[in-house]
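Trainee: I would like to go through this model piece by piece. Where should we start?

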Amino acid sequence: MAAARKPVVEVRRSQRRRRTVSAYRDGERVVVLIPDQFSQTEESEWVDRMLARLAAREGRLARSDAELLDRAGRLIKLYLAEHGAEAVPASVRWVSNQNGRWGSCTPADRTIRISHRVQDMPDWVIDYVLLHELAHLIVPSHNARFWALVARYPRAERARGYLEGVAAVSGTSLSD
Ligand SMILES: [Zn+2]
């Protein structure tokens, strides 16, 4: 049986860590941070677990860009239909490097990026974040015309409340 290609793993032990384990990709390597008190068995168990988690997340990210585009098409049909091509983005994708905002839109090249932090939220919140960015393709600023477009989405107000709640709990200030 051919062995699956495993990434190079660098384990860093920290005396300040008690229980938390975290992992991130750094170029070709995966860095796994574990508490200093872990035994060798715990270390190898956690390395396997964190590699699986990382792979699952990356797989999900790759899959969902297509879903996100489908979702955009559905939202345009429902709420922005009369704008036709004006509301259609050139690309929509999930990004993990956008911690300060739920979503962003560059009207100049018609690209939309949605933060991975939105990925585990309910569908109706994802729809709101995406519709908000699609509306920016039509109206770049947050003016009355923009909010009138967004208000076509029945749960816009509720979704904004949800996002504000998440931002408050995580102690970060997040805007769109
Ligand atoms: Zn906005």
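Mentor: Start with a loop residue, His83, which is placed between helix H1 (40–79) and E4. Bear in mind throughout that this is a predicted model.

Trainee: Is His83 buried or exposed?

Mentor: Buried means under 20% relative accessible area. The value for His83 falls under that cut-off, so the residue counts as buried, with a relative accessible area of 14%.

Trainee: Which residues is His83 in contact with, leaving aside its neighbours within four places in sequence?

Mentor: His83 sits in the loop between H1 and E4. With its neighbours within four places in sequence left aside, the contacts of His83 are Ile138, Arg145, Leu149 and Arg152.

Trainee: Which residues are the protein donors of the zinc ion?

Mentor: Along the chain, the donors of the zinc ion have the spacing H-x3-H-x5-H. Each donates through NE2 and lies 2.0 Å from the ion: His132, His136 and His142.

Trainee: How many residues apart in sequence are the parts that His132 and His142 tie together?

Mentor: His132 belongs to helix H2 (residues 123–138), whereas His142 is in the loop between H2 and helix H3 (144–150). Because the two lie in these separate places, the pair ties together parts that are apart in sequence by 10 residues.

Trainee: Of His132 and His142, which is buried and which is partly exposed?

Mentor: The cut-off for buried is under 20%, and for exposed over 50%, with partly exposed in between. His142 has a relative accessible area of 41%, so it is partly exposed. With a relative accessible area of 1%, the buried residue is His132.

Trainee: What is the order of strands in the open sheet that holds E4?

Mentor: This sheet has three strands and mixed pairing. Strand E4 (91–95) and strand E5 (103–106) are its edge strands, each pairing on one side only. The order is E4-E6-E5.

Trainee: How many bridges join E5 to E6, and in which sense do they run?

Mentor: E4 pairs with strand E6 (residues 111–115) in the parallel sense over five bridges. On the E5 side, Gly103 has Ile114 in E6 as its bridge partner. E5 and E6 are joined by four bridges and run antiparallel.

Trainee: Which residue in the turn of the E5 and E6 hairpin has a positive phi?

Mentor: The hairpin has four residues between its strands. One residue in the turn has a positive phi of about 60° although it is not a glycine. At a relative accessible area of 25%, this residue is partly exposed; it is Arg110.

Trainee: Is Ile114 buried or exposed?

Mentor: Ile114 is placed in strand E6. Leaving aside its neighbours within four places in sequence, its contacts include Leu68, Trp94, Trp102, Val129 and Leu130. Its relative accessible area is 1%, so Ile114 is buried.

Trainee: At about what angle does H2 run to E6?

Mentor: H2 lies across E4, E5 and E6. Among the contacts of Ile114 in E6 are Val129 and Glu133. The angle of H2 to E6 is about 155°.

Trainee: What span should helix H4 (residues 156–169) have?

Mentor: H4 has 14 residues, reckoned at 1.5 Å a residue. Its end C-alpha atoms are 20 Å apart, which agrees with the expected span of 20 Å.

Trainee: Within what arc do the buried residues of H4 fall?

Mentor: The buried residues of H4 are Ala156, Ala159, Leu163 and Ala167. They pack against H2 and H3, while the face turned away from them carries the exposed residues Glu157, Arg158, Glu164, Ala168 and Val169. Seen down the axis of H4, the buried residues line one face of the helix, because they fall within an arc of 75°.

Trainee: Which strands stand at the edges of the sheet E1-E3-E2?

Mentor: This open sheet has three strands with mixed pairing. E1 and strand E3 (residues 29–35) run parallel, joined by seven bridges, and Glu10 stands opposite Val31 in E3. Each edge strand has a single partner strand, so one side of each is left without a neighbour in the sheet; the edge strands are strand E1 (8–14) and strand E2 (22–26).

Note on methods
Residues are numbered from 1 along each chain as its sequence is written. This is a predicted model: local features need pLDDT of at least 70, side-chain atom pairs count only at pLDDT 80 or more; totals for chains, interfaces and linings use all residues. Side-chain values use heavy atoms; hydrogens and water are left out. Donors are N, O and S atoms within 2.8 Å of the metal (3.2 Å for Na, K and Ca); water is not among the atoms, so sites may look incomplete. Buried means under 20% relative accessible area, exposed over 50%, partly exposed in between (1.4 Å probe, protein chains only). Two strands pair if DSSP finds at least two bridges between them. Contact means heavy atoms within 4.5 Å. Axes are lines fitted to C-alpha atoms, for helices over the stretch in contact, and angles run from 0 to 180 degrees between N-to-C directions. The expected span of a helix is 1.5 Å times one less than its number of residues. The arc is that of the directions from the helix axis to the C-beta atoms.
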